[in-house]
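Open the model in your viewer and get ready to click along. We will walk from one helix pair to the next and finish at a pocket.

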Amino acid sequence: MLAPLRSMEPTPVPLPAPLESYDVRVWRIDIDVKAEPAPGDLAVLSPQEAARLRGYRRGADRARFAAVRAALRRLLGAIVELAPQAVPLEADPLGKPILPPGIDGAPRFNVSHSGGIGLIAIATDPAIAAVGVDIEQCRPVEPLTLAASAFSADEQAMLCGCHPALRLDRFYALWTAREALTKAAGTGIADPRWQQVALQGSGDGRWRPHGPGAALPTAAGAWHPAQACEVASLPCQANAGDAPYRAALALFTGAADTSLCPDSLPQAGEGRNTVSALRAEALPAQALFAEALPAEGISAQALPMRTA
């Protein structure tokens, strides 16, 4: 049996300059995926979380879930002034962890993990309506095949046209930005409406979304103004001997607006066959990826929203 590891302290992740004006923080948890969960982490899990943990067959999955969920409980507990084990975490219809609406000043938060790193994003800024974070370890995949399942036509063209030596890194940079954005929206990256949204990179690590009617899809069929969101790549240094990582953070400000919903666009859950005739705002392929952060995490199974 693998030896348990002591609980790892989360370390703050520096935010790109465009996000520094918001009251949002991101923490990194380094996880020993070869060790069993730390006793201190197990002690703060709820009975439901402990049951979920026992359901994981792979030790690495148990290590990641326990470390990130325990760290989330400690961080949230410090904000809402509750013991970690007393934080009343619930799950939304998609399984995403949330706090019940009755908690005064409840922060918005999201988590992600891949390989041996977990990320936790927590926003206490009242201007932030939702937050999404994603990290992926850059393992070898076929970028063009996966992009065809989730990216816009313009993004696919950009990947097709970039140098093969750069394609994998650019795929992961774009994937994590899209995944963070769709997690903030509460839909998941597999929602076919997101294939009508293209992300355009900039030199400061920020991504600018271009959606149909200048709006972005959210859960329950609502739409959000594209200009009322921030998406940026995050630095994520790999540990010695580890494959590189990519990560991103997304923020939604303000509330979704059902009046923005274009009548001709498919709603969540509708078939992909209605998507092919609908195109995002046209963008030059060479302009879609201009972000400046160096490479610092995907399989077909990752297409649905992960709710760690």
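**Stop one: H4 and H5**

Select Leu144, Ala147 and Ala148 in H4, then add Gln156, Leu159 and Cys160 in H5: these two groups meet, where contact means heavy atoms within 4.5 Å. The residues of this contact divide into five nonpolar, one polar and no charged. Here Ala, Val, Leu, Ile, Met, Phe, Trp, Tyr, Cys and Pro count as nonpolar, Asp, Glu, Lys and Arg as charged, and the others, Gly among them, as polar.

A word on what you are viewing: this is a predicted model, in which local features need pLDDT of at least 70 and side-chain atom pairs count only at pLDDT 80 or more, while totals for chains, interfaces and linings use all residues. Residues are numbered from 1 along each chain as its sequence is written, and side-chain values use heavy atoms, with hydrogens and water left out.

Helices (H or I, at least four residues) and strands (E, at least two) are DSSP runs, numbered from the N terminus. Now show H4 (residues 143-150) with H5: their axes come within 9 Å and cross at roughly 170°. Axes are lines fitted to C-alpha atoms, for helices over the stretch in contact, and angles run from 0 to 180 degrees between N-to-C directions. H4 and H5 are therefore roughly antiparallel to each other (angles under 35 degrees count as roughly parallel, over 145 as roughly antiparallel, 65 to 115 as roughly perpendicular and the rest as oblique).

**Stop two: bring in H6**

Which residues of H6 does H5 meet? Select Arg167, Arg170, Phe171, Leu174 and Arg178 in H6; their partners in H5 are Glu155, Met158, Leu159 and Cys160. By class, this contact has five nonpolar, no polar and four charged residues. The axes of H5 (residues 153-161) and H6 (residues 164-185) cross at roughly 160°, so this pair is roughly antiparallel.

Next, hide H5 and keep H4 with H6. Their axes come within 10 Å and cross at roughly 25°, so H4 and H6 are roughly parallel. On the H4 side, pick Pro143, Leu144, Leu146, Ala147 and Ala150; they meet Arg167, Leu168, Phe171, Trp175 and Arg178 in H6.

**Stop three: a pocket**

Finally, select Asp92, Lys96, Ile98, Ala129 and Ala130, the closest to the centre of the second largest pocket among its 21 lining residues. On a 1 Å grid over the protein atoms alone, a pocket is an open set of points where a 1.4 Å probe fits, with protein on both sides within 12 Å along at least five of seven lines; lining residues have an atom within 4 Å of a point. The largest share of the lining, three residues, comes from S7.
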